[in-house]
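Q: I have not looked at this structure before. Could you take me through it, starting with anything unusual in the backbone?

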Amino acid sequence: MILINSDTNLKIELPIEQLNILHYLCDESNPYETGGIIIGKYSDDGLTAHISEITNSPADSVKKKAFFKRGVKGLQKRLDTLWKNNYYYLGEWHYHPNSLPTPSSSDIKQMISLSQNKKLNCPEPILIIIGGNKEHWLKTVIVIANETIIPFYEAI
């Protein structure tokens, strides 16, 4: 699946296999929120993010019906290994069970904070929010750049 922002000509490639993993992880967690990180690469021209992996939530994550805090257990070691192979942290994903995939103000604040984290080296992180349930999945995909929300839509 190709997601695009026509104003910026930026693209996100989200393979159907990774979208299926997102849906599986969300279904397994329902009715509790869950989330993880997005891993992948950028095209040589920097205009396309290629998502190669969606991670499950770390063991120290906090999952509630209307709250999720991603843990960090094991992530640094995983990211260090990936960086050696030219794969990078691209952003975050999480699930709003049986609800709309609308980013909350705390979601946006967290993404702005992550964009400013020098250790992550990801100034324009992707946020994927899955909503609904297995009967009808919904998704919102945005990028935060310079504290601005850039929405992405499926290319037709």
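A: This is a predicted model. A good starting point is Pro31, which sits in the loop between H1 and S3.

Q: What is the peptide bond from Asn30 to Pro31 like, cis or trans?
A: The bond is cis, and its omega is near 20 degrees. For background, most peptide bonds are trans.

Q: Which residue in the loop between S7 and H3 should I look at next?
A: Asn98 lies in that loop. Its phi is near 55 degrees, a positive value in a residue other than glycine. In general, most residues other than glycine have a negative phi.

Q: Is Asn98 buried, partly exposed or exposed?
A: Asn98 is partly exposed, with a relative accessible area of 46%.

Q: And what about Asn121, where is that one?
A: Asn121 belongs to the loop between H3 and S8. Its phi is also positive, near 50 degrees. Asn121 is exposed, as its relative accessible area is 65%.

Q: Changing topic: how do the strands come together, and in what order?
A: Eight strands close into a barrel, in the order S1-S2-S4-S3-S7-S8-S9-S10, with mixed pairing. On average, neighbouring strands of this sheet are turned by 30 degrees against each other, ignoring direction.

Q: How do S1 and S2 pair?
A: S1, residues 2-5, and S2 are antiparallel and share four bridges. Asn5 stands opposite Leu10 of S2. The two strands form a hairpin with four residues between them, and Asn9 in the turn has a positive phi of about 65 degrees.

Q: Which residues of S2 are on its covered face?
A: Leu10 and Ile12 are on the covered face of S2 (residues 10-13), while Lys11 and Glu13 are on the uncovered one. This fits a general pattern: in a regular strand the side chains alternate between the two faces of the sheet.

Q: What does S2 do with S4, parallel or antiparallel?
A: S2 and S4 pair in the parallel sense, over three bridges. Ile12 has Ala49 in S4 as its bridge partner.

Q: How many bridges join S3 to S7?
A: Six bridges join S3 (residues 35-42) to S7 (residues 88-97), and the two run antiparallel. Gly40 stands opposite Tyr88 in S7.

Q: Where do the helices H1 and H3 fit in?
A: H1, residues 16-29, lies across S4, S7, S8 and S9, running at about 45 degrees to S4. H3, residues 105-115, packs on the sheet and touches S7, S8, S9 and S10. The direction of H3 makes about 170 degrees with that of S7.

Definitions and conventions
Residues are numbered from 1 along each chain as its sequence is written. This is a predicted model: local features need pLDDT of at least 70, side-chain atom pairs count only at pLDDT 80 or more; totals for chains, interfaces and linings use all residues. Side-chain values use heavy atoms; hydrogens and water are left out. Two strands pair if DSSP finds at least two bridges between them. Axes are lines fitted to C-alpha atoms, for helices over the stretch in contact, and angles run from 0 to 180 degrees between N-to-C directions. Contact means heavy atoms within 4.5 Å. Buried means under 20% relative accessible area, exposed over 50%, partly exposed in between (1.4 Å probe, protein chains only).
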